[in-house]
Amino acid sequence: MQKDLFLNRHIGPNSETEQKMLDSLGMDSLEQLIDETVPESIRLNAPLKIPSAISEQEYAKHIQELANNNKPFRSFIGQGYYSTYTPVVIQRNVFENPGWYTQYTPYQAEIAQGRLEALLNFQTMVSSLTGLPIANASLLDEGSAAAEAMIMGFNKVSRKAKNKTKFFVDANTLSQTIDVLKTRANPLGIELIIDAVESFTDDEDVFGMLLSYPNAQGEVVDWSEWVNARKEAQDYFMVMATDLLALTLLKSPGSMGVDCAIGNSQRFGVPLGYGGPHAAFFACTEGFKRSIPGRIIGVSKDRHDNTALRMALQTREQHIRRDKATSNICTAQALLAVMASCYAVYHGPEGLQGIAQEIHRKTQRLHAGLNNAGYSIINSQFFDTLSIVVEKDKLSALKARAAAHQINLFYKANEVRLSLDECTTEEELQHLAKIFECNIPEQMPKQPDLPGRSDDILDHEVFHQYRSETAMMRYLKRLENKDLSLMHSMIALGSCTMKLNAAIELQAVSLPAFNQVHPFVPSDQVDGYNQLIDHLAAYLNEITGFDATSFQPNSGAQGEYAGLLSIQAFHRANGESHRNIVLIPDSAHGTNPASAVMAGCQVVVIRCADNGDIDLEHLEDQAVLHSKNLSALMITYPSTHGVFERGVEKACAIIHKHGGQVYMDGANMNAQVGLTNPAKIGADVCHLNLHKTFAIPHGGGGPGVGPICLKAHLAPHLPGHVHFDVEGQESAVSAAPFGSASILLISYAYIRLLGHHGLKRSTELAILNANYIKYRLESHYKVLYTDDIHGHVAHELIIDFRPFKVLGIEVEDVAKRLIDYGFHAPTMSWPVVGTMMIEPTESETKEEIDAFCDALIAIKKEIDEIASGTMEVQQSMLKNAPHTIAELTSDTWQHYYSRQEAAWPMKDSSRKFWPSVGRVDNSFGDRNLVCTCPPMQDYMSES
């Protein structure tokens, strides 16, 4: 019996439709297309050394065996990560629901109102708990959020006072946060002062400081007077690292006078996952609303004057400013932020405070028992964490008792820390009592009063309406139904690779043996994770042709940053720290120059030729000019113009000749796997987007994973971690040692299920699908860039809408009209303004691709009607799109076209997707920035 291979379910076209597409292209075979598209000089001449494919049943058995190799210890380690209970209504309806996890970043707001509302809930939750008016829609992790806050303050202050280059950090801040701060501060010339707060003396060179509340030892300090005194002495930029659950009881950071509050929302129902992914939060005062990093969801209105949400453009993504950016943030942790916000909606303020109070009561009882047993406890005021001094001669026995009870604690010299959480049971308290050889009183003893809140929290209606599971389930479904995802149709976003995220690939992420693991557990407890990470690193090394891999970067942009840091560290190790010039083509993604600036480098832009390729003559001129100081070239391959450039090897050789390194952006790796690789092309390091090429879902705007792979000479300069000390490695780029470790399972599954043959075939079909779209559209639209020899594209293509601008038609009009046809628009106006970049991936069928092409061809006919004068542009369907069901069913219809033409332009009405709002007014939202939930009456008015 033939094995039911996953490959046949992953790839859209079958053998019959594949041949039809090849016939349309005039190709005798798929091999001919690949031979004509990919330059022969960079082709691999042997199959990938990766195991053959296994079936779904075999994989399910295999991954369970790996899971069983992780030891089921209970962790009370804390230090920013805590066990939490994910309400099953959220687990099944959000976390495990492709209607949520296969969405893309909400650039098309009209078909993204559900997740936009959930993210607005997140911002409202964060703003309420921190007591600060502005909050973004999440960042990558707590360490990164702290670094972003430091840099935001530095940029604002340094514009006025160039001497202010020092940043004070409370020594009792989480050690991984300090580690990331060190990494991010050094390239920008920021000097960190890490010391006890009580040792701080006012210094005119200090621009800001980071306080912790509670701190790493669990101490809770009311910083109000101290902050006010420092503000009066010198207007320091004040950041506070804090805990959202603690803030349900504690005085808010905003009420203490700080400028910014950061932290991790993980304990709001998001699994530990061996370190991630989790949604960090970031809140600040009004004065920073134009410079806050990441995305902000704002309230605006649609063309019918109904309330509508969208991403606020002016603060959406700093990287669009390229080398002028103050942050390289390009993504968020949207799916995890949605989960955290849903957790708050589900529990409401009373429920959250009840959870926090129960944790605190248990901690108080444990504190009393330890105190009665004679232990010296460092922190006198606490929420959930105790730091206990244990005599050195007794520490080994205590560790042995903890191991015997399968319990993990946090050890630092002769100090033992433990943190309780919402999952802590009475039985576990008694286990802790046995470990410390103490008795825990049943009644809560009198303790010093904490600096408690005097204000109400989460007072918006959304946090009070959904107490029953029926109500919560229906609310989540209403949100989901507003959003278009891969559940509905192809999302052909160029450079984003929206391929199948198969259920079998995601299944193991929900296994407790993987998602209930604390990131700082001893290595011998995670043999399953160790094997998975080692094997996945080996597979990625083979795929890229490189020698070493780090999984720590938790986004593509962080991968860029980590790769550039490795290059800079390599130059320093060779006594060439002056090498800081990075050459970047003007077609590069905005994160490339932004990451280079964040790494302390100077960007020199390289022109592109008329055919879209790098201008090799200009590249060589600049390499010669900057030869002494040349650090690197950053390139994307195939190019961001969707073509396999034939001069790429020469470009790499030019850089190496002048002592530089070549960094390859792995955004387009879906056109390389099995056919060529970065090492073969001439690169030294690349990052991979596992959320693109290797099937991790986009989650509506995160999570992402951006591991870096590099050659052996750069391997000593990979990022390290304070809890996994490796000699010679640099400090961390992310808070967790392996970044978003739990979703590495998805890419591991993808590779094992496809095997070496399936990986290569996926690449080939991605190229075929893109060239078939070119064939379908090129007689209707101009395809901007193709291969000079055969006229092919790689795995994506750019079509030009600029000729229609004279008619008053913008590319955005076409994007909104596509919604009426049931499709999400391709990538707009990048890398060329006024264009769309289309990437179908290998997972879409010919039927789906034809429907998409039919829609664009039909829209071209609508454009022709405007060009001929048959339809006035402002009265056209293009300008009024998308059309909502409310508009279609209203008593009045004032358009010159029919309701049928407006809402059912496609032949197949079964694929209709209704936007929940009309076209959103972006400029109104920019002029009136509101980033917390509006009153419920505003939502009610739209219906």
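Is G452 buried, partly exposed or exposed? In this predicted model, G452 has a relative accessible area of 39%, so it counts as partly exposed. A good way to get to know the structure is to begin with this glycine and its surroundings, and then to step back to the whole chain. G452 sits in the loop between helix α13, residues 426-436, and helix α14. Once residues up to four places away in sequence are set aside, G452 touches L249, L250 and K251. The neighbouring part of the chain can also be described by a distance: the C-alpha atoms of G452 and T248 are separated by 9.0 Å, although these positions lie 204 residues apart in the numbering along the chain.

Seen as a whole, the protein chain contains 30 helices and 26 strands. Its radius of gyration is 28 Å, close to the 30 Å that the globule rule gives for 943 residues, so the chain is as compact as a globular protein of that length. The C-alpha trace spans about 85 × 70 × 70 Å along its principal axes. Of the 943 residues in the protein chain, 65% are buried. Contacts across the sequence add to this picture: among those between residues at least 6 apart in sequence, 77% join residues at least 24 apart.

The surface and the charges can be summarised for the chain as well. The accessible surface comes to about 32500 Å², and carbon and sulfur atoms account for 48% of it. The chain carries 80 positive and 111 negative charges, and the mean positions of these two sets are 1 Å apart.

Attention now turns to the interior. In soluble globular proteins, nonpolar side chains tend to be buried together. Here, the largest nonpolar core has 240 residues, and M125, L409 and F436 are those with the most contacts inside it. Leaving aside neighbours within four places in sequence, F436 is in contact with L370, Y375, I388, L398, L409, V416 and L418. L409 thus appears both in the list of residues with the most contacts inside the core and among the contacts of F436. A second, separate core has 62 residues, including V157, I329, F570 and I584.

Helix α10, residues 224-233, offers a view of how one helix is packed. Its residues S224, W226, V227 and R230 are buried. The buried residues of α10 pack against two strands, β5 (206-213) and β6 (237-243).

Another local picture centres on H618 and R607. H618 belongs to helix α20, which covers residues 616-625. With a relative accessibility of 10%, under the 20% limit, H618 counts as buried. Apart from residues up to four places away in sequence, H618 touches V605, I606 and R607. R607 in turn is placed in the loop between strand β18 (602-606) and α20. Its relative accessible area of 47% makes R607 partly exposed. With the same sequence neighbours left out, R607 touches D586, I614, D615 and H618. By contrast with these contacts, R607 and S341 are 45 Å apart in space, C-alpha to C-alpha, and 266 residues apart in sequence.

Finally, the backbone has several features that deserve a look. Most residues other than glycine have a negative phi, and most peptide bonds are trans. Against that background, the peptide bond from G276 to P277 is cis, with omega near 10 degrees. P277 is found in the loop between β7 (260-264) and β8 (280-284). A cis peptide bond also joins W830 and P831, where omega is about 5 degrees. P831 is placed in the loop between β25 (827-828) and β26 (835-838).

Positive phi values occur at Q406 and T497. Q406 is not a glycine, yet its phi is about 55 degrees. This residue lies in the loop between α12 (392-404) and β13 (407-408), and at 37% relative accessibility Q406 counts as partly exposed. T497, likewise not a glycine, has a phi of about 50 degrees. T497 lies in the loop between α14 (469-481) and α15 (503-506). At 1% relative accessibility, T497 counts as buried.

Notes
Residues numbered from 1 in each chain as written. Heavy atoms only, no water. Core = buried A, V, L, I, M, F, W, Y, C linked by side-chain atoms within 4.5 Å. Buried < 20%, exposed > 50% of the residue type's maximum accessible area, 1.4 Å probe, protein only. Contact = heavy atoms within 4.5 Å. Helix = DSSP H or I, 4+ residues; strand = E, 2+ residues; numbered from the N terminus. Rg over C-alpha atoms; globule rule 2.2 N^0.38 Å. Areas by Shrake-Rupley, 256 points an atom, 1.4 Å probe, with all protein chains shown as cover. Lys, Arg positive; Asp, Glu negative; His and termini not counted. Charge placed at Lys NZ, Arg CZ, Asp CG, Glu CD.
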